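Here is a friendly walk through one protein model, written for someone who likes to know the cut-offs behind each term. Have the viewer open as you read.

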Amino acid sequence: MWYGIQRTTFVDFPGKIAATLFTGGCNFRCPWCHNQDLVYPHRLSQLPQLDEEEIKHFLIRRKHLLEGICITGGEPTLWGERLLNFLAWAKSIGYETKVDTNGSHPEWVEEALKEDVVDFFAMDIKHPWETYHHAIGRDYDIHLLKKTISLITQSGKPHQFRTTLIPGLSRKTMLTFAQEMNIDLVFQPYRDPHPLGKEEHLSLTGETPA
Ligand code: SF4
C-alpha cells in the first residue's frame with residue numbers, strides 16, 4: 001500500500017507539523033497528474049513498497065516531533081479497510097490524521113466518519129461537472145463525487161476543497177461552480193506535469209524509514 005514517505009512537512013497538513021505517506025494506485029487518469037508513477041500499474045510495479053511495520057516504528061519514534069499524518073497518493077481510499085485500520089492505529093497513539101482524496105469513494109469516507117479516524121479531509125475538485133471526464137481522463141459517476149462533497153461538508157470536520165487551474169480552466173468558472181455547490185475552493189497553481197523517474201521519485205518522497 002505504501003510507496004513513499006516525506007518525513008516532515010509544514011505545508012501538507014494545515015497548522016500541523018506532519019509526515020506525509022503516499023499510497024499507490026488511482027482510479028482516475030488526470031492528464032496533468034504529477035504523481036504518475038503512483039497511478040499507472042506498469043510504473044507502480046517498478047517502485048519498491050515500504051514496509052508498514054517500519055513506517056509504524058518510524059512514526060512512534062517521531063511522535064515527540066510530529067503532530068499529524070497526511071495520507072496522499074494516488075487515491076488512498078482505494079485501500080479500504082486496510083487504510084481505515086492504519087488510521088485508527090495512528091490516532092490511537094495520538095496523531096491527528098488527514099486524508100487527500102479525489103472523492104470517488106464516498107462509502108469509504110462514510111466509514112471513516114463512522115469510525116472517526118480522519119480529522120481533516122482534502123478533496124480535489126477537478127472541473128465543472130459537465131466536463132469532469134476530460135479532467136480525469138475517464139467517465140465517472142458524478143453523483144458519487146457529489147455525495148463525497150456532501151459527506152465532508154456535513155461532517156463538521158476541518159476540510160479543504162482544492163482546484164488546480166489547469167490550462168483552459170478559469171478561476172471565474174470555478175468560482176461560479178463553488179457558489180452553486182455552496183463550498184469554498186482553494187486554488188492551486190498549475191505546473192506542467194512530467195513523468196517522474198526513479199531518482200525524482202526518491203527525492204519526492206524522501207528516504208524510506210530506517
Ligand atoms: S486523482 Fe490525483 S493521483 Fe489520481 S490521476 Fe488524478 S491527479 Fe493523479
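Let us begin inside the fold: five of the five residues of β3 are buried, so this strand is largely enclosed by the rest of the structure. Buried here means that 20 or more other C-beta atoms lie within 10 Å of a residue's own; exposed means 12 or fewer, partly exposed lies in between, and the C-beta atoms are placed from the backbone. Helices (H or I, at least four residues) and strands (E, at least two) are DSSP runs, numbered from the N terminus.

Before going further, please note that this is a predicted model, in which local features need pLDDT of at least 70 and side-chain atom pairs count only at pLDDT 80 or more, while totals for chains, interfaces and linings use all residues. Residues are numbered from 1 along each chain as its sequence is written.

**Strand β3 and its partners**

In a regular strand the side chains alternate between the two faces of the sheet. Both faces of β3 are covered: Gly68, Cys70 and Thr72 are buried on one side, and Ile69 and Ile71 are buried on the other. On the β2 side, β2 and β3 run parallel and are joined by five bridges; two strands pair if DSSP finds at least two bridges between them. Strand β3 also pairs with β4, again in the parallel sense, over four bridges. Strand β4 (residues 96-101) is mostly covered as well, with five of its six residues buried.

Some residue pairs that you can look up in the viewer:

| Residue | Bridge partner or opposite residue |
|---|---|
| Leucine 21 | Isoleucine 71 in β3 |
| Glycine 68 | Glutamate 96 in β4 |
| Isoleucine 69 | Threonine 97 in β4 |
| Phenylalanine 121 | Histidine 159 in β6 |

**The whole sheet**

How are the seven strands ordered in the sheet? They form an open sheet in the order β1-β2-β3-β4-β5-β6-β7, with mixed pairing. Strands β1 (2-9) and β7 (185-188) stand at the edges with a single partner strand each, so one side of each has no neighbour in the sheet. On average, neighbouring strands of this sheet are turned by 20 degrees against each other, direction ignored. Axes are lines fitted to C-alpha atoms, for helices over the stretch in contact, and angles run from 0 to 180 degrees between N-to-C directions.

Helix α2 (residues 52-61) packs on the sheet, where it touches β1, β2 (18-23) and β3 (68-72), and its direction makes about 10 degrees with that of β1. Contact means that the C-beta atoms of two residues, placed from the backbone, lie within 7 Å. Further along the sheet, β5 (residues 120-124) and β6 (residues 159-164) pair in the parallel sense over four bridges.

**The ligand shell**

Around the ligand you will find Cys26, Phe28, Arg29, Cys30, Cys33, Asn35, Val39, Gly73, Gly74, Glu75 and Asn102. A residue is near a molecule if its C-beta atom, placed from the backbone, lies within 6 Å of it. This shell divides into five nonpolar, four polar and two charged residues. Ala, Val, Leu, Ile, Met, Phe, Trp, Tyr, Cys and Pro count as nonpolar, Asp, Glu, Lys and Arg as charged, and the others, Gly among them, as polar.

Two of the shell residues are worth a second look: the peptide bond from glycine 73 to glycine 74 is cis, with omega near 15 degrees. Glycine 74 has its place in the loop between β3 and α3 (80-92).

**Loops and backbone angles**

Aspartate 116, in the loop between α4 (106-115) and β5, has a positive phi of about 55 degrees although it is not a glycine. It counts as partly exposed because it has 13 C-beta neighbours inside 10 Å. Asparagine 182 is not a glycine either, yet has a positive phi of about 60 degrees. Its place is in the loop between α7 (171-181) and β7, and with 8 C-beta neighbours inside 10 Å, asparagine 182 counts as exposed.

**Overall dimensions**

The protein has eight helices and seven strands. Its C-alpha trace spans about 45 × 40 × 30 Å along the principal axes. Of the 210 residues, 35% are buried. Among contacts between residues at least 6 apart in sequence, 71% join residues at least 24 apart.
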